[in-house]
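Got the model open in your viewer? Let's walk through it stop by stop, with something to select at each one.

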Amino acid sequence: MSTFRSISLSVTFVAILGLTWAGISGAADLVPQQRFVMSSDVDLPGGDISSLFDTTLESCQKACVSNSACTAITFNSRNGSCFLKAEFGDTAAYADALSGFMLNASPNTAALAQTRAAELSFLQPTDLARATELASGLAVRHVTGASSAAEHVAAAQAEESNGNMLRASSHIGAALNITDAASDWSEYARLLRRAAARDKSTSSELQQRALAATINGYLRADTPGLRHNLLVEMAQILEDRGRGLAMVPALRLAQQIQMRTDTQAALDKAIGKYGFRVTEHDVQSDSARPRICVQFSDDLAKTDIDFNKFVQLDGKGLTVEKTGDQMLCVEGVSHGARHTLTFRAGIPAADGQTTAKPVTITAYVRDRSPALRFPGRAYVLPKVGENAALPIEAVNTDKADLTLFRVTDRNILRAIQSEYFGEPMSYWREDSFSSEVGAEIWQGHAELAMEVNRDMTTRLPMSEALAGQGAGIFALRASMPGKDSYEVAPAWQWFVVSDLGISTLSGTDGLHVVVRSLGTADAKSKVTVELLSRSNEILGRLQTDAQGYALFPAALTRGVGALAPAMIVAKEGVVKKGSAKEGSANEGAADMAFLSLTDPEFDLSDRGVEGREPAPPIDVFLTTDRGAYRAGDTVYATALSRDANAAAITGLPLTAIVKRPDGVEYSRVVAADAGAGGHVFALPIAGSAPRGVWRLEVKADLDAPALTAKTFLVEDFLPERIDFSLNLPDSPIRLGDTPELTLDAKYLFGAVGSDLSVEGDVTLRAANGLAAFPGYQFGRADEPFQTQMAGFSGQTTDDQGRAVIALPMPEVTDPLRPLEMTVATRVAEGSGRPVERRITRALQPSAPMIGVKPLFDEVVKQGSEAKFSLLAVGSDETATTMTVTWELSRIETRYQWYQEYGDWRWEPVSRRERVADGRAELGKELGNELGKKLGAAVEISAPVDWGEYELVVSQVDGGDAATSSRFYAGWYAPADVTSTPTPWNYP
């Protein structure tokens, strides 16, 4: 060979792990069509046809493959020299040289590999890529040397007998460079897997190589027995790698190729651990419509499949329904009946798997558990008359023990702060309530209406229990006779006996209180109104005038901490006066009512009356000359100071404080009144100032919060030279349309923007509901819409600076939820710099949709009711009629832990239990005047306990509309901010 250039470089050759050679014979080849048999510290003298310097071994091999005359190479690892050879003589020793000759793959190897690869659909694309990578770099990883394949195999057997699996695999790898036989690849994989089991520190890399080896062997295997063996080895390695789910199809394929008893046993075991299977069954008998459900290990197929044909039912009127993603439920079963159901083999999963064996379930549907509950949170009962009563709902019980508690006016605030009032009471809090908050005043029993397994509502007359009690706040406890509280939770109902209705309005001038009669709506005069603090101290006491009105000064409402206002208490009638000190409780009031000030106010913003926030004593309007500045510019700001009546405040100095993006104060400037309450600030920004969003605050009192604030941007930018407007047609746009976008461009110095290139893209994404129906959700929560995009280009503006573009709409299936289209359009200036503008338009629905509005704020208090408003919206975005069914389910997610080769793994399993269901006619009242006032919404509710829930509402009159909403119930829930008067309740 040619003389090596002498460069002093001390290199010890180490096997190059993971050397890639993807281009050795084309990226599409699964099996490299050429491979090298390499020897280390060896030179092949003579036969040089080309030389490369400062290169790599990989490049040296590629150069030989691409040269039709090349049959061998020598590579000097000291200085990166490569010598291509057409022929060579006897080898000669040469330190740090790598030499090798090239072998060609069998002619039919590539076609066979393509066929075999198609059978391995359960593998990931990266698995095949790593197998090709392993085969391409095997010659360097395992240097063959002068030994024959048989000699390397014998050496491997000797090393294995000595317990050295890694060395044994290296010998098989060296033999593979010569044979490239499927059987040797199988042996290579087996030894690597055994080596990985002995060395945890390198087990991951060895397992990955072993998996690639089984793939290489299968791509080359041409006998059923060998293919079967390779698939079994592959399945075991997949399980070692934590990919047990892929183990199942590997073993199934092995059985299809060649049936074996031991492999079938392994397949059954794998299906039991990882395959698509029935994991458990559940008899849901505590609802009015019981059902028997089976839980699967993975998601069921999402396409329209009739699952009835996969279940052998044992009676008439039974149907099979898919519930959630992983459950099938048999509907129509009866309480007190026993059913035998067979879930046949072949039930499809979302990932293409099917159940392997039929599963037979025998289940008894027991009667519903006895239960008591009150349907509402709180009631106001009339102060006069004998008709005071409360409704109670019962299941499978005809008796209830009743206990009535009274809460004094001095304990009302404590009851609210301790979250007793209006909330479901846990059994472990009952003792503290009865001993510290409420006094027991009456006990009794109730006879309830009962029909087996049906929800029955009974009217409880309260006249006997309330005799002689007068006005006040009460709590009624209903318990199951003979049952402890922890066995069957008692039901609690708070109620108030009063004729006083209180309304409050807060403003900058104080707290306005209005008291009216609940019976006649007349103003209540001479009612004593007390303002209580959080510490239960009386902050003020007033009497209402002839209009039932009282005003607490603003100073009384500005307390913080324990002195913050918390409650209004109204009392009417004769007050006993004795030794009580001024400010103590008024005992003996003929009527009493209260209103918490810590709960949210009614939110009327959705009724078009949100208005503007009340003006403070100093109301400041602030503006800057623009919104973005470059470093070194000066920010010019103008401030106008006004009082609550919008009159100018003269003589008031204002301080402008500029803060950097990191919140550190940068500068401050004081400006005196320049006339009519006007102030002008010049705020220079240094050239070295940090870039980002800055904040400008204006204060009159430096120790008080800012009167107003505004942000501006400091960035390095070049001003735009052109501007353009975008317009879409006024007519509705639907999926599948090709709307025309009109663009008008001009230069900022006035010239028409002609012959400018236009490009952009159209993006479809899920809209945040419909503007006409705020708060309503549309579409399935478990099937989110994936944003889609389509681009357009090639257009230019005409000589008038105009372009009309037919927008390409992304092709999507109607998701039956609101969508919006955003058109991002870019017009390039003469210098090529693009200027971008966007326009967004909501798409009109193509079919009717179902809207669901939760009447709570994110979380529902456990033990209370979850309320929803339902409506149907037609394709014209107006309320319409629709028949729907709804189902509320509790979702329970458990994590199944299992141990595998010393490691703990887990998989989530979710089950659903129906809590309540029903049928609703949406928009049924739209044709009459009352319906027009009430709107098309229908309200539904159901009791919930702790946990995760999902409401699913589906169209039943021929359409596909469906909407679901997920939420949580727990011990913490924010105050109810969704309870607002309906529009016809106020002028």
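In what order do the 5 strands of the open sheet run? Keep in mind as you look that this is a predicted model. Color the strands and read across: the order is β1-β5-β3-β4-β2, and the pairing is antiparallel. Now pick out the two edge strands, β1 (34-43) and β2 (48-52), each of which pairs on one side only. Turn the view to look along the sheet, and you'll be looking at a twist that averages 20° from one strand to the next.

**Stop 1: inside the five-stranded sheet**

Select residues 72-76 and 81-85. These are strands β3 and β4, paired in the antiparallel sense over 5 bridges. For one pair to click on, try Ile73, whose bridge partner in β4 is Leu84.

**Stop 2: what lies across that sheet**

Next, add residues 57-66 to your selection. That's helix α1, which lies across β1, β2, β3, β4 and β5 (92-104). Against β3, helix α1 runs at about 160°. Then bring in helix α6, residues 165-179. Helix α6 lies across β1 and β5, and its angle to β1 is about 125°.

**Stop 3: α6 and its helical neighbor**

Keep α6 on screen and add α5, residues 149-161. How are these two helices oriented, roughly parallel or roughly antiparallel? Their axes come within 8 Å and cross at roughly 165°, which means α5 is roughly antiparallel to α6. The crossing of α5 past α6 is left-handed.

Show side chains here to see who touches whom. On the α5 side, look for Ala149, His152, Val153, Ala155, Ala156, Glu159 and Glu160. They meet a set of α6 residues including Met165, Ala168, His171, Ile172 and Ile178. Sorted by class, this contact has 10 nonpolar, 3 polar and 3 charged residues.

**Stop 4: a perpendicular pair**

Now select 125-136 and 203-220, which are helices α3 and α8. Their axes are 8 Å apart, and the helices pack at an angle of about 85°, so α3 is roughly perpendicular to α8. From α3, the contact residues include Leu128, Ala131 and Leu134; from α8, they include Leu211, Ala212 and Ile215. Arg130 of α3 and Arg209 of α8 are also among the contact residues. The contact divides into 8 nonpolar, 3 polar and 4 charged residues.

**Stop 5: another helix pair**

Move on to residues 244-257 (α10) and 261-273 (α11). These helices pack at an angle of about 155°, with axes 9 Å apart, so α10 is roughly antiparallel to α11. Their crossing is left-handed. Light up Met247, Val248, Leu251, Arg252, Ala254 and Gln255 on α10, then Thr263, Gln264, Ala266, Leu267, Ala270 and Ile271 on α11: together they make the contact. By class, that's 8 nonpolar, 3 polar and 1 charged.

**Stop 6: a salt bridge between loops**

How many salt bridges does a search of the whole structure find? It turns up 51. For one of them, select Asp325 and Lys302, where the closest N and O atoms are 3.4 Å apart. Asp325 sits in the loop between β9 (319-323) and β10 (327-331), and Lys302 in the loop between β7 (291-296) and β8, so the pair ties together parts that are 23 residues apart in sequence.

**Last stop: the three-stranded sheet**

From Lys302, move along to β8. Here 3 strands form an open sheet in the order β8-β11-β12, with antiparallel pairing. Why do two of the strands each have one side without a neighbour in the sheet? β8 (311-312) and β12 (359-364) stand at the edges with a single partner strand each, so one side of each is left free of a neighbour in the sheet. To finish, select β11 at residues 338-343, which pairs with β8 in the antiparallel sense over 2 bridges. Click on Val311 and you can trace the pairing to Phe343, its bridge partner in β11.

Notes. Residues numbered from 1 in each chain as written. Predicted model: local features only at pLDDT ≥ 70, side-chain atom pairs only at ≥ 80, totals over all residues. Heavy atoms only, no water. Pairing = 2+ DSSP bridges. Helix = DSSP H or I, 4+ residues; strand = E, 2+ residues; numbered from the N terminus. Axes fitted to C-alpha atoms, helices over the stretch in contact; angles between N-to-C directions. Parallel < 35°, antiparallel > 145°, perpendicular 65-115°, else oblique. Left-handed = near helix turned anticlockwise from the far one by under 90°. Contact = heavy atoms within 4.5 Å. Nonpolar A, V, L, I, M, F, W, Y, C, P; charged D, E, K, R; others polar. Salt bridge = Lys/Arg side-chain N within 4 Å of Asp/Glu carboxyl O.
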